[in-house]
Protein chains: 2
Amino acid sequence: MGRNAAMRLKDLAEHLGLSQTTVSRALNGYPEVNEATRRRVAEAANLLGYRPNASALRLATGRAGAVGLVLRGADELGPHMSEFLSGVGSYMASQEIDMLVSTVASHQEELAAYRRLAASQKVDAVILHSPTISDERAELLMDLKIPFVLHGRTNIGHPVAWLDIDNTSALERATSHLLDLGHRRIALLNGVKGRTFAQHREIGYRTALTARGLTVDPALVGNSVFTDEIAFRMAQAMLEQRPRPTAFLAGSMMTALGVFRAIRQAGLELGSDVSMIAHDDVFPYLNADNMYPTMSTTRSSIRQAGTRIAELIMQILAGKPLADVHELWPVELVLRESSGPAPKG
Amino acid sequence: MGRNAAMRLKDLAEHLGLSQTTVSRALNGYPEVNEATRRRVAEAANLLGYRPNASALRLATGRAGAVGLVLRGADELGPHMSEFLSGVGSYMASQEIDMLVSTVASHQEELAAYRRLAASQKVDAVILHSPTISDERAELLMDLKIPFVLHGRTNIGHPVAWLDIDNTSALERATSHLLDLGHRRIALLNGVKGRTFAQHREIGYRTALTARGLTVDPALVGNSVFTDEIAFRMAQAMLEQRPRPTAFLAGSMMTALGVFRAIRQAGLELGSDVSMIAHDDVFPYLNADNMYPTMSTTRSSIRQAGTRIAELIMQILAGKPLADVHELWPVELVLRESSGPAPKG
DNA sequence: TCAAAATTTGAAATCGCTTTGAATGGCTTT
DNA sequence: AAAGCCATTCAAAGCGATTTCAAATTTTGA
């Protein structure tokens with residue numbers, strides 16, 4: 001009683017006086033079915049709201065119709081991830097592919113999660129994000145033979161499908177620009193050590209500095225997750241140095257908020273006493289153009305990346321060779337009020 | 001070739017020289033299997049990494065082993081939702097239940113998404129969030145006989161399982177506190193009209209004001225999604241009024257950031273010229289205690305709510321009557337530096 | 001010691017779909 | 001008019017698990 005009895009293929013077939021075979025074929029667009037019957041079937045299916053039972057369909061076809069996303073801990077399910085997710089989702093929805101998201105607390109749990117996904121065949125592919133320089137998860141997925149697309153890059157033995165933004169170039173240009181403005185002590189608030197993107201950013205930063213014969217002061221480089229609080233503390237500590245940094249490169253908009261507070265608290269003015277260029281992943285609810293002062297940024301929509309990665313997933317599932325699936329996106333440098341000439345003296 | 005051939009129950013059974021029946025029973029803890037065999041089976045399954053094929057299991061049992069979350073548009077997949085999601089996920093992971101998240105662009109699409117979930121039987125239950133006062137989605141889910149738990153409250157004909165925070169009381173206390181401090185023109189930056197939580201907050205606000213014989217000035221009440229930019233514009237406009245508001249009630253931490261900027265841009269000081277109490281959903285990357293000045297808040301962890309809702313879902317799936325699943329969580333009022341006495345005359 | 005009961009195992013049906021291989025009937029073709 | 005072809009349709013065999021019902025084995029009881 002009360003059990004929600006959805007309509008089955010069998011019911012629909014009986015209703016139409018046809019065999020399940022024909023109805024199935026009609027709905028799936030096979031050629032060997034009469035045009036008139038096909039219309040009749042489609043109409044009835046639509047009218048009666050028939051949709052194949054997902055589990056049965058998956059069992060019969062061997063396709064899971066879902067991609068997996070495993071998110072580690074609180075820090076990964078932050079604003080970046082939710083933007084990314086919604087980019088992925090917008091494309092997946094159009095393809096009738098589900099997103100299976102799991103959360104895990106540790107690296108070990110994450111590996112276990114992939115093993116489970118593989119063994120129980122819940123997904124056709126997964127999306128891997130924030131890779132380390134030589135990512136163990138990527139190797140595991142390779143072993144498990146689960147197709148995946150990487151958001152970022154990593155260096156393992158095999159070719160891997162990936163999409164990344166050009167972090168190195170972004171930071172090189174941002175740093176160069178600050179150098180052009182006369183800044184010499186430029187602080188870098190980077191992501192956690194070990195992540196590929198953080199390494200790439202540091203390379204860009206170093207390249208720009210050494211191109212002018214400057215050396216990197218380790219006291220001006222910080223590595224951490226992108227939260228306002230940690231950024232605040234780091235920036236605060238850096239601003240206490242003498243000579244103090246005159247410019248900051250902030251790893252995210254959250255970081256920028258923290259740096260901004262530290263600057264204010266030190267009694268300094270952003271855009272004149274201290275400059276800042278922040279990386280902007282384009283959050284709809286936090287607009288660099290509407291800050292005060294407006295924020296100079298290196299900009300790249302993480303949401304668009306998500307959408308594109310979803311497309312790439314479909315391509316590799318359709319058989320495109322992994323070695324052909326590489327995209328390196330350029331990053332815009334948008335100059336606004338927060339970056340100005342270095343103060344005299 | 002290359003097809004990833006996961007181990008099946010049949011393989012495992014053959015490997016052990018047992019029937020599928022016995023192996024299945026052993027693994028699922030049925031009583032009628034010899035303790036020695038059970039151990040042997042468990043060991044082999046563990047060693048060989050056997051996990052039942054999810055689709056087959058679902059088809060056979062009729063349970064989907066998944067809960068659905070349909071997120072509408074960009075604004076809903078914001079920081080609030082990702083915190084909430086990670087709360088839900090942490091519990092679901094422990095129960096081996098998947099989270100199926102879909103994104104949709106419009107209300108119509110959202111309804112269609114639920115119909116699809118129902119017809120294809122992809123989920124055992126769904127979680128519904130940000131309800132309107134009389135929520136059409138809730139009615140639909142009722143019709144479709146999909147069990148659900150509501151994050152928030154709504155008023156439809158049937159009893160509904162829900163968990164909500166006491167927004168009315170939170171705003172009444174916050175408003176009263178500001179009144180105690182001598183504020184008379186208090187602005188409310190509320191959520192979008194039509195949402196139950198926004199209505200509840202407004203009721204709390206009104207109650208506190210009318211208790212002191214004050215009336216509500218519509219020019220001091222704004223309704224919108226919680227982004228820093230919109231909050232900035234609204235606060236800016238309100239601060240241009242004369243007499244200007246001396247205090248703000250901000251609907252979220254994002255809103256607070258926007259209001260803060262508007263206050264600064266008007267050349268005013270937060271905590272002395274203008275006070276603010278913001279609602280804090282407790283984001284790990286945006287801490288009210290570490291702001292400058294520190295932010296007074298009405299606080300309630302949206303992540304914890306997510307976890308608890310996941311538990312409630314499991315309870316109703318286990319048969320607990322909907323009418324017994326109601327939780328109204330109190331909201332903490334945390335006073336810090338951003339709320340101070342009203343400036344003199 | 002032997003029937004009856006309890007324990008343990010297995011064969012086969014089932015879940016709802018896709019897909020293979022065969023069957024049906026109407027038209028050409030010779 | 002018989003043979004051969006198409007165009008359609010269908011019956012039945014999977015997919016990989018659970019579960020019903022029956023069978024085999026062991027234990028118990030008198």
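## Helix pair in chain B

A crossing of two helices is right-handed if the near helix is turned clockwise from the far one by less than a right angle. In this predicted model, the crossing of α9(B) and α10(B) is right-handed. Helix α9 spans residues 167–180 of chain B, and helix α10 spans residues 196–211 of chain B. Their axes come within 7 Å and cross at roughly 35°.

From α9(B), the contact includes B:Asn167, B:Ala170, B:Leu171, B:Thr175 and B:Leu179. From α10(B), it includes B:Phe197, B:His200, B:Ile203, B:Tyr205 and B:Leu209. By class, the contact has eight nonpolar, eight polar and two charged residues.

## Nonpolar cores

Nonpolar side chains tend to be buried together in soluble globular proteins. Here the largest nonpolar core has 89 residues. A:Leu249, A:Val259, B:Leu249 and B:Val259 have the most contacts inside it. Leaving out residues up to four places away in sequence, A:Val259 touches A:Leu189, A:Ala231, A:Ala235, A:Phe248, A:Ala250 and A:Met276.

Another core, of 82 residues, lies apart from this one. Among its residues are A:Leu128, A:Ile302, B:Ile97 and B:Val123.

## Surface near DNA strand D

There are 26 residues around DNA strand D. Which come nearest? They are B:Arg8, B:Leu9, B:Ser24, B:Ala56 and B:Ala60. By class, the surface divides into 10 nonpolar, 12 polar and four charged residues.

Both chains supply elements that give two or more residues. Chain A supplies α2 (20–27) and α4 (54–61). Chain B supplies α1 (9–16), α2 (20–27) and α4 (54–61). α4(B) gives the most, with five residues.

Methods
Residues numbered from 1 in each chain as written. Chains lettered and ligands numbered in written order. Predicted model: local features only at pLDDT ≥ 70, side-chain atom pairs only at ≥ 80, totals over all residues. Axes fitted to C-alpha atoms, helices over the stretch in contact; angles between N-to-C directions. Helix = DSSP H or I, 4+ residues; strand = E, 2+ residues; numbered from the N terminus. Contact = placed C-beta atoms within 7 Å. Nonpolar A, V, L, I, M, F, W, Y, C, P; charged D, E, K, R; others polar. Core = buried A, V, L, I, M, F, W, Y, C linked by C-beta atoms within 7 Å. Buried ≥ 20, exposed ≤ 12 C-beta atoms within 10 Å, placed from the backbone. Near = placed C-beta within 6 Å.
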